[in-house]
Amino acid sequence: MYVLGTWADMKPEISAAVGFICQLLQTKATVEERQLQTFCQSLQDLLAEHYKHHWFPDKPCKGSGYRCIRINHKMDPLVWKAANRIGLSNEQVYELLPSELTLWVDPYEVSYRIGEDGSICVLYEAHPIVHSHHLHLGAGSPVPMVEGSRTSCKGELLMSRATPCKTYNMMTVSS
C-alpha cells in the first residue's frame with residue numbers, strides 16, 4: 001500500500017503545475033524575476049508538502065479533488081500563500097491570474113481548464129509502469145502500460161456529466 005508520496009514521485013507533475021502558474025505570472029510585467037523565482041520555489045514546496053499524504057500512483061484519481069488547484073473568484077490557499085511570500089497584494093494576485101482556473105495535479109497527468117466551460121488541456125502526461133509477474137521479463141519487471149488503457153480523472157469527470165458541455169456562438173456588435 002502506498003502511504004507517503006516522495007518529492008521524486010511527484011516532481012514531474014508538480015513542476016508542470018508550478019511552471020504553468022509561473023508562466024501566467026510572467027506574462028505580466030509587474031512581477032520581478034527574483035519575486036517570480038521565489039514564488040515558484042515557494043509554491044513547489046507548498047504543493048509537495050500538501051500532496052505528500054495524498055499521492056497514489058496506483059490509483060491516480062484518488063485524492064484528485066484534494067490536489068486540485070482552484071481559482072473561482074476565490075484564490076486557491078496555496079497559491080495565495082506563495083503570492084503573499086513575495087509581497088503581492090490581494091488586488092495584484094487577482095489581476096495576474098485568471099478569475100476562473102482549475103488545475104488538476106494527478107499522478108501521471110497535469111491538466112487545466114480556464115473558465116467553467118473551457119476545454120480541458122493537458123500540460124503533462126506520462127504512462128505509469130505496471131508491474132507484472134506473468135511475463136517472462138522476470139518478477140517485478142516494469143511493463144509499460146498499453147496506450148489508451150487508462151481513463152484520466154478528467155475523462156471520468158467529463159463522462160459522468162449529466163449534461164454535455166455547453167457551446168456558445170459568439171456574436172460581435174459594431175457601431
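At 17% relative accessibility, cysteine 40 counts as buried, because buried means under 20% relative accessible area. This value, like the others in this report, comes from a predicted model.

Cysteine 40 is one half of a disulfide with cysteine 22, and their sulfur atoms lie 1.9 Å apart. The pair links distant parts of the chain, since cysteine 22 belongs to helix α1 (residues 7-26) and cysteine 40 to helix α2, with their positions 18 residues apart. The count of disulfides comes to 1. A disulfide is a covalent bond between the sulfur atoms of two cysteines.

The table sets out the accessibility of four cysteines.

| Cysteine | Relative accessibility | Class |
|---|---|---|
| Cysteine 22 | 6% | buried |
| Cysteine 40 | 17% | buried |
| Cysteine 68 | 17% | buried |
| Cysteine 121 | 30% | partly exposed |

The helices that carry the disulfide also pack against each other: α1 and α2 meet at an angle of about 145°, with their axes 9 Å apart, and the crossing is right-handed. On the α1 side the contact includes Trp7, Met10, Ile14, Val18, Ile21 and Cys22, while the α2 side includes Leu36, Phe39, Cys40, Leu43, Leu47 and Tyr51. By class, this contact of α1 with α2 has 14 nonpolar, 3 polar and 1 charged residues.

Helix α2 (residues 33-51) packs with helix α4 (residues 77-85) as well, at an angle of about 145° and with the axes 9 Å apart; this crossing, too, is right-handed. Here Phe39, Ser42, Leu43, Leu46, Leu47 and His50 in α2 meet Leu78, Val79, Lys81, Ala82, Ala83 and Arg85 in α4. The contact of α2 with α4 has 8 nonpolar, 2 polar and 2 charged residues.

Which residues touch the most other members of the largest nonpolar core? In this core of 37 residues they are Ile21, Phe39, Leu43, Leu97 and Leu103. The elements that give two or more residues to the core are α1, α2, β1 (69-72), α4, α5 (90-96), β2 (100-106) and β3 (109-114), and α1 gives the most, with 10 residues. In soluble globular proteins, nonpolar side chains tend to be buried together.

Leucine 97 touches Ile21, Leu24, Leu25, Ile71, Met75 and Val79, when residues up to four places away in sequence are not counted. Of these partners, Ile21 and Leu25 also take part in the contact of α1 with α2, and Val79 takes part in the contact of α2 with α4.

How values were computed:
Residues are numbered from 1 along each chain as its sequence is written. This is a predicted model: local features need pLDDT of at least 70, side-chain atom pairs count only at pLDDT 80 or more; totals for chains, interfaces and linings use all residues. Side-chain values use heavy atoms; hydrogens and water are left out. Axes are lines fitted to C-alpha atoms, for helices over the stretch in contact, and angles run from 0 to 180 degrees between N-to-C directions. Helices (H or I, at least four residues) and strands (E, at least two) are DSSP runs, numbered from the N terminus. A crossing is left-handed if the near helix is turned anticlockwise from the far one by less than a right angle, and right-handed if clockwise. Contact means heavy atoms within 4.5 Å. Ala, Val, Leu, Ile, Met, Phe, Trp, Tyr, Cys and Pro count as nonpolar, Asp, Glu, Lys and Arg as charged, and the others, Gly among them, as polar. A disulfide is a pair of cysteine sulfur atoms within 2.5 Å. Buried means under 20% relative accessible area, exposed over 50%, partly exposed in between (1.4 Å probe, protein chains only). A nonpolar core is a set of buried Ala, Val, Leu, Ile, Met, Phe, Trp, Tyr and Cys residues joined through side-chain atoms within 4.5 Å.
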